[in-house]
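Could you walk me through this model? I would like to see how its pieces fit together, one region after another.

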Amino acid sequence: MRTFAHTEGYSLLQERRDAAAMTRQAQILDMLSDRGFHSVSELADILHVAPSTIRRDLEQLADRQLVRRTHGGAAPIGSNGSSGASTTLHHADKEAIGRAMADRILDGQTVLLDSGTTTLEVARHLHSSRVTIVTNDLRIGSVIAEKQSANLVFIGGELLPNDFSMWGPTSVEQLRHLRVNVAILGCDTVLDDGLYSVSSYEIELKRVMLSIASEAFFVADSSKFGRDALFRIAELEPFQAGITDAHLDPLRASTFPVPLIRATSG
């Protein structure tokens with residue numbers, strides 16, 4: 001028979017497990033929001049847990065209609081689904097970042113917008129006139145097409161599975177023949193030594209984006225700082241600055257080799 005002490009200890013252990021699961025599931029939602037499909041093995045490697053734990057997390061999230069289970073992994077539920085989780089997670093922070101970055105774009109510039117939900121907010125908040133926007137993101141292309149003061153150059157190629165991004169040799173070759181004033185890149189993770197991605201798909205494309213720009217910025221909400229990822233996209237030194245949200249600790253921000261601008265929402 002369990003004693004009271006045993007019961008209390010079991011309860012505390014279960015509470016900790018539940019809290020860890022909630023944190024892990026929030027991270028999963030965040031990653032799916034930014035990059036679309038992720039495999040079970042990718043998520044397990046990034047979060048340092050067993051694949052069986054990830055499968056259990058995905059099943060729980062799918063039961064709550066927050067993700068769509070696919071063969072070998074999961075994808076976010078899109079705008080035609082019953083949940084807006086893929087677009088609302090950190091939305092206020094991303095909106096503030098997008099507004100702050102858009103304010104730094106000058107009239108007449110040619111600007112490359114990388115794919116992602118944060119760069120999408122940059123596109124939505126653009127107010128400069130006579131700008132030309134280069135992008136490989138279907139959603140950004142749609143937003144820019146509605147703006148009378150902006151020209152659109154769309155990068156073709158292959159559509160990433162369960163995503164809105166074009167990639168592949170065609171995309172890379174098309175980009176190599178361009179030159180832009182400003183490149184604005186997204187990423188999965190920001191570490192002290194660079195920007196990282198959890199997938200190798202778009203690394204070459206992002207590096208070419210950086211190489212064709214006179215100046216570059218990266219945009220990343222505070223949840224992406226210090227998170228594990230496998231593939232390094234680029235060092236931080238080529239960037240003029242990074243734009244993040246006000247939740248990033250200012251002392252932490254001051255340790256980076258490039259300026260970090262902390263945008264305030266509201």
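H48 sits in the loop between α2 and α3. Keep in mind as you look that this is a predicted model. The phi angle of H48 is near 60°, which is a positive value in a residue other than glycine. Is H48 buried or exposed? Its relative accessibility is 61%, and exposed begins over 50%, so H48 counts as exposed.

Now look at the two helices on either side of that loop. The axes of α2 and α3 come within 9 Å and cross at roughly 110°. Angles from 65 to 115 degrees count as roughly perpendicular, and α2 and α3 are therefore roughly perpendicular to each other. Their crossing is right-handed. On the α2 side, the contact is made by V40, L43, A44 and L47; on the α3 side, P51, I54, R55 and L58 take part.

Stay with α2 for a moment, which covers residues 40-47 and includes E42. With a relative accessibility of 23%, E42 counts as partly exposed, because that class lies between the 20% limit for buried and the 50% limit for exposed. The side chain of E42 makes a polar contact with the side chain of H38, at 3.2 Å. What does E42 touch once its neighbours within four places in sequence are left aside? The answer is V198 and S199. Another residue to find from here is L230: it is 188 residues away from E42 along the chain, yet the C-alpha atoms of the two are separated by 9.4 Å.

From the helices, move on to the sheet. Three strands form an open sheet in the order β1-β3-β2, with antiparallel pairing. Why do β1 and β2 each have a side without a neighbour in the sheet? Both β1 (38-39) and β2 (67-70) stand at the edges with a single partner strand each, so one side of each is left free of a neighbour there. The partner of β2 is β3, made of residues 73-76; 4 bridges join these two strands, which run antiparallel. If you would like one pair to look for on screen, take R68, whose bridge partner in β3 is A75. Helix α3, residues 51-63, comes back into view here, as it packs on the sheet and touches β2 and β3. The direction of α3 makes about 130° with that of β2.

Further along the chain there is another helix pair to visit. Helix α5 (residues 91-102) and helix α6 (residues 117-124) pack at an angle of about 50°, and their axes are 7 Å apart. An angle of this kind falls outside the ranges for roughly parallel, antiparallel and perpendicular, so α5 and α6 are oblique to each other. The crossing of α5 and α6 is right-handed. Where they meet, α5 contributes H91, K94, E95, I97, G98, M101 and A102, while α6 brings T117, T118, E121, V122 and R124.

One last stop lies just beyond α6. R130 is found in the loop between α6 and β5 (131-135). Its phi is near 60°, a positive value in a residue other than glycine. With 57% relative accessibility, R130 counts as exposed.

Note on methods:
Residues numbered from 1 in each chain as written. Predicted model: local features only at pLDDT ≥ 70, side-chain atom pairs only at ≥ 80, totals over all residues. Heavy atoms only, no water. Pairing = 2+ DSSP bridges. Contact = heavy atoms within 4.5 Å. Axes fitted to C-alpha atoms, helices over the stretch in contact; angles between N-to-C directions. Buried < 20%, exposed > 50% of the residue type's maximum accessible area, 1.4 Å probe, protein only. Polar contact = N/O pair within 3.5 Å; in protein donor to acceptor, adjacent residues only side chain to side chain. Parallel < 35°, antiparallel > 145°, perpendicular 65-115°, else oblique. Left-handed = near helix turned anticlockwise from the far one by under 90°.
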